[in-house]
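Biologist: Could you take me on a close look at one part of this model, beginning at a loop and going on to whatever it leads to? I would be glad of one connected account rather than a list.

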Amino acid sequence: MNIKEETIATLKQFDAGDKSSSLSVLPKASVLIPLFVRRGQLCTLMTLRAKQLRTSGGEVCFPGGKRDLSDRDDVDTALREAEEEIGLPPNDVQVVCRLVPIIAKNNLLVTPVVGFIDESFRPSPNPSEVSAVFTVPLDFFTCDKDHYATHDAAWRKGTEHSFYFVDPDSGNQYHIWGLTAVIAILVAALALRKKPEFDVVFDPEDPLSVFQKILHRRISKL
């Protein structure tokens with residue numbers, strides 16, 4: 001099998017299905033992690049949200065957003081938002097899996113949807129939502145080098161992962177942190193079958209169980 005086929009087979013083992021459907025007590029959102037192979041290397045697309053946005057303005061995110069009443073499920077939300085934000089047609093995404101939902105600090109239940117896109121895709125950013133789209137090698141999120149750090153996360157009395165990525169195409173530096181960094185690390189660890197070089201809360205051999213426990217613990221307190 002080639003890299004794409006191997007990655008799809010690996011990721012399908014971690015498909016959580018529609019776990020968020022029964023968690024109606026929380027507002028829902030989805031993000032799309034668009035994967036593709038470039039020069040033999042797994043990569044993903046990320047966006048810089050427009051500064052004028054009230055929520056996460058000026059932050060690096062994966063394409064995504066809150067569920068609309070018209071959305072059938074988490075996948076529908078992720079694909080719709082990706083089309084609205086970067087012009088990615090839903091039919092051009094080969095959806096691979098949905099990972100266990102993660103609760104953001106605002107009690108939003110976020111489901112990561114992983115899919116493959118063609119390497120030739122050229123984004124058309126919606127300027128009202130996205131100010132930049134850039135490519136990051138997935139291995140970037142497993143290496144403990146000068147680009148990695150941690151910082152305090154007062155809202156959950158702990159630390160958060162933080163990455164600084166310099167886009168070789170534009171020369172721009174992007175700060176990737178918070179929930180986006182957690183999702184990127186998780187997808188990289190699963191897709192590459194590689195233990196991160198820094199400490200993470202999940203077991204690389206059973207990476208999703210800890211997120212399930214955190215989810216149920218947070219839900220029980222609501």
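Modeller: Let's begin at R193, a residue in the loop between helix 3 and helix 4. Please keep in mind that this is a predicted model. The backbone of R193 has a phi near 50°, which is a positive value in a residue other than glycine. R193 has a relative accessible area of 59%, so it counts as exposed, the cut-off being over 50%.

The two helices that flank this loop lead us to the largest pocket. Its volume is about 1,400 Å³. A total of 50 residues line this pocket, and those closest to its centre are A104, K105, N106, V110 and L179. Several elements give two or more residues to the lining, among them helix 3 (178–192) and helix 4 (209–220), the neighbours of our loop. Helix 2 (74–86) is also on that list, as are strand 1 (28–38), strand 3 (60–61), strand 4 (64–66), strand 6 (102–103) and strand 10 (158–166). Helix 3 makes the biggest contribution, with seven residues. As for the chemistry of this lining, 25 of its residues are nonpolar, eleven are polar and 14 are charged.

Strand 1 is a good one to follow from here. Besides its part in the largest pocket, strand 1 supplies at least two residues to the lining of the second largest pocket, and strand 8 (130–137) does so too. The second largest pocket holds about 180 Å³ of space. Its lining has 15 residues, of which R38, L45, F121, P123 and T135 come closest to the centre. Strand 8 gives the most here, with three residues. The lining divides into eight nonpolar residues, one polar and six charged.

Just past strand 1 you will meet another arginine with a positive phi. R39 is in the loop between strand 1 and strand 2 (41–49), and its phi is near 50°. That loop belongs to a hairpin with two residues between the strands. With a relative accessibility of 79%, R39 is classed as exposed because that value is over the 50% cut-off. R193 is exposed as well, at 59%.

Now to the strands of that hairpin. Strand 1 and strand 2 are antiparallel partners, joined by four bridges. F36 has C43 of strand 2 opposite it. In contrast to the exposed R39, strand 2 is mostly covered, with eight of its nine residues buried.

What else does strand 2 pair with? Strand 8 is one partner: the two strands run antiparallel and seven bridges join them. One of the residue pairs here brings us back to the second largest pocket, as L45 has T135 of strand 8 for its bridge partner, and L45 and T135 are among the residues closest to the centre of that pocket. Strand 3 is a further partner, antiparallel to strand 2 over two bridges. There, L48 stands opposite V60 in strand 3. Strand 3 in turn takes us back to the largest pocket, where it gives two or more residues to the lining.

So our path has gone from the exposed R193, by way of helix 3 with its seven lining residues, to the mostly covered strand 2.

Key. Residues numbered from 1 in each chain as written. Predicted model: local features only at pLDDT ≥ 70, side-chain atom pairs only at ≥ 80, totals over all residues. Heavy atoms only, no water. 1 Å grid on protein atoms, 1.4 Å probe; cavity = no way out; pocket = protein on both sides within 12 Å on 5 of 7 lines; lining within 4 Å. Points joined across faces, edges and corners; volume = space filled by probe spheres on them. Nonpolar A, V, L, I, M, F, W, Y, C, P; charged D, E, K, R; others polar. Buried < 20%, exposed > 50% of the residue type's maximum accessible area, 1.4 Å probe, protein only. Pairing = 2+ DSSP bridges.
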